[in-house]
Amino acid sequence: MKLTEMKEWKALEAHSAKAGKARLRDLFAADPKRAEKFTVEAAGIYFDYSKQRVGAGTMNMLCDLAEASGLRGKIEAMFSGEKINVTEGRAVLHTALRAPKGTVVKVDGEDVVPQVHEVLDRMEAFSRKVRAGEWKGHTGKAIKNIVNIGIGGSDLGPVMAYEALKNYSQRGLTFRFVSNIDGTDFAEAVQDLDPAETLFIVASKTFTTLETMTNAQTAKDWALAALKDPAAIAKHFVALSTNAAKVAGFGIDTANMFGFWDWVGGRYSMFSAIGLSTMIAIGPENFRAMLAGAREMDEHYRTAPFDVNLPALMGLLNVWNNNFLGAASIAVLPYEQYLKRFPAYLQQMTMESNGKRVTIDGQAVDYQTSQVYWGEPGTNGQHSFYQLIHQGTKLIPCDFIAFSKAAHSLGRHHDLLMANVFAQAEALAFGKTADELKQEGVKDWLIPHKTFEGNRPSTTMLLDELTPAALGRLVALYEHSVFTQGMIWQIGPFDQWGVELGKVLAGRIAPELEGKAEPELKHDASTNALIRRYRARK
């Protein structure tokens with residue numbers, strides 16, 4: 001049934017006309033136990049959504065919508081290996097990447113868990129050699145620098161995880177990440193590295209991705225300029241791929257090729273072989289702890305009732321804010337410097353997944369799908385864009401992420417950091433009225449400028465500390481929240497056809513920029529003019 005014709009959706013529309021205007025000040029005043037009623041603790045995360053503009057009735061109706069949408073069955077279909085990526089005919093099994101040995105998950109009748117652990121074990125053996133200095137480069141020097149070359153999930157996942165868990169990394173090793181086809185990215189990544197001590201990890205399932213393979217070829221040229229011998233490539237390059245022929249043709253020993261599967265989407269792949277750089281950085285034990293944390297959230301999502309299910313609650317709250325309160329974006333605000341790349345990671349996970357305009361059966365939607373995700377770490381963002389969140393004309397719900405224990409105990413730093421996260425959530429919810437300002441003696445003419453409307457919704461997630469397991473839980477939380485939203489909106493979160501057209505057109509334009517002879521241009525007038533200007537001035 002069409003989403004907007006479902007009685008549960010219509011009930012929420014009717015309910016939102018009144019409930020959507022409720023003020024958080026009034027909701028808290030009416031119920032002294034509100035904070036307890038709208039807080040859930042599970043899988044190591046204390047999830048306080050009491051500052052969201054919802055009541056018990058709202059949440060019951062959202063859970064009814066989830067039930068009517070068949071969310072429980074769809075969760076089970078995903079975990080069971082059914083081919084829920086309909087347009088590509090694929091299973092969606094990033095959850096199998098963190099399944100313990102002995103678990104059985106079948107795709108086309110074959111248990112994939114042994115394959116997962118075979119790759120994990122090979123990754124572990126390789127990581128231990130690099131970390132111990134036993135993997136030697138072509139000249140006999142130990143590897144000290146690791147450069148991950150990828151794009152999209154093959155870059156955003158590894159760089160986010162490395163930065164998030166830098167406190168656990170082996171500091172004698174240098175890690176760099178190259179993704180952009182802009183040559184500056186590669187040039188800056190290697191400008192202070194010794195080729196004899198550098199290992200490149202090339203991440204491309206097909207070994208044909210334009211950006212990745214362009215950068216890989218440049219890396220090969222850079223290494224050979226110093227090392228001379230083509231045989232050096234086998235000692236300084238490994239591949240995360242399934243295309244053995246192209247990997248071997250590049251000069252990489254296929255014994256150092258780590259595979260993954262078409263049931264792992266790029267933006268869900270950081271727990272697969274794509275995480276090799278992460279494992280080298282933090283060590284196999286910590287990598288497996290990260291997998292265990294994600295697995296804990298997986299099991300919670302698969303089994304917990306929706307009213308106490310963190311990913312389901314997060315997803316349903318986003319549907320409420322987006323579709324019934326008109327909030328077009330959401331700010332992710334980690335109060336932890338190590339999570340500085342987490343918002344960027346979530347941008348791909350959420351918007352590439354749910355940035356769709358047709359349902360799974362190809363019908364145009366008549367409602368909003370994915371919100372725009374963005375953010376920066378606190379407290380930096382407070383001196384940047386919080387002005388708009390507090391006093392601007394747009395409603396922007398916020399996800400605050402914080403940790404009770406400091407990664408580094410330095411004087412008052414952590415207490416001040418935590419004071420800020422709690423204060424910001426409080427200020428967004430309750431604001432400051434004109435009467436309160438008047439009582440403080442603020443001059444009448446200044447009162448409109450200093451008034452805070454409040455009633456800006458937020459969720460606060462409080463964890464004990466940022467460990468590998470905690471990162472795994474957070475990533476899986478957002479993964480499953482994205483799935484929840486996609487299932488409610490009746491869209492397919494696991495394909496990304498929207499990225500294809502630009503790639504095709506770029507492939508057509510590139511030869512027109514590179515050739516010496518003036519090409520016959522058959523684009524629109526603007527594109528033709530831009531091509532001619534570039535050719536004349538490059």
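Which helix is Gln348 found in? Select Gln348 and you will land in helix 15. Before looking around, keep in mind that this is a predicted model.

**Stop 1: helix 15**

Select residues 342-354 to highlight the whole of helix 15. Try a distance check between the C-alpha atoms at its two ends: they are 18 Å apart. The helix has 13 residues, and at 1.5 Å a residue these should span 18 Å, so the two values agree.

Now show the surroundings. Is helix 15 largely enclosed or largely open? Because 10 of its 13 residues are buried, helix 15 is largely enclosed by the rest of the structure. To see the buried ones, colour Phe342, Pro343, Ala344, Tyr345, Leu346, Gln348, Met349, Thr350, Ser353 and Asn354.

What do these buried residues pack against? Turn on helix 7 (153-164) and helix 20 (468-489), then add strand 10 (329-334), strand 11 and strand 12 (398-403). Those are the packing partners of the buried residues of helix 15.

**Stop 2: back to Gln348**

Zoom in on Gln348 again and show its side chain. Gln348 counts as buried because its relative accessible area is 12%, which is under the 20% cut-off. Follow the side chain outwards: it reaches the backbone nitrogen of Gly153 at 3.2 Å. Leaving aside residues up to four places away in sequence, Gln348 touches Gly152, Gly153, Leu156, Arg267 and Ser353.

**Stop 3: a cis peptide bond**

Next, select Gly378 and Thr379. A cis peptide bond joins this pair, with omega at about 10°. Most peptide bonds are trans, and most residues other than glycine have a negative phi. Where does Thr379 sit? Look in the loop between strand 11 (372-374) and helix 16 (386-391).

**Stop 4: two positive phi angles**

Move to Ala43, in the loop that links strand 1 (39-42) and strand 2 (45-48). Ala43 is not a glycine, yet its phi is positive, at about 50°. Is Ala43 buried or exposed? With a relative accessibility of 11%, Ala43 counts as buried.

For the last selection, pick Asn455. You will find Asn455 in the loop between helix 19 (447-450) and strand 13 (458-463). Asn455 is another residue other than glycine with a positive phi, here near 60°. Asn455 also counts as buried, with a relative accessibility of 6%.

Key. Residues numbered from 1 in each chain as written. Predicted model: local features only at pLDDT ≥ 70, side-chain atom pairs only at ≥ 80, totals over all residues. Heavy atoms only, no water. Helix = DSSP H or I, 4+ residues; strand = E, 2+ residues; numbered from the N terminus. Buried < 20%, exposed > 50% of the residue type's maximum accessible area, 1.4 Å probe, protein only. Expected span 1.5 Å × (residues − 1). Contact = heavy atoms within 4.5 Å. Polar contact = N/O pair within 3.5 Å; in protein donor to acceptor, adjacent residues only side chain to side chain.
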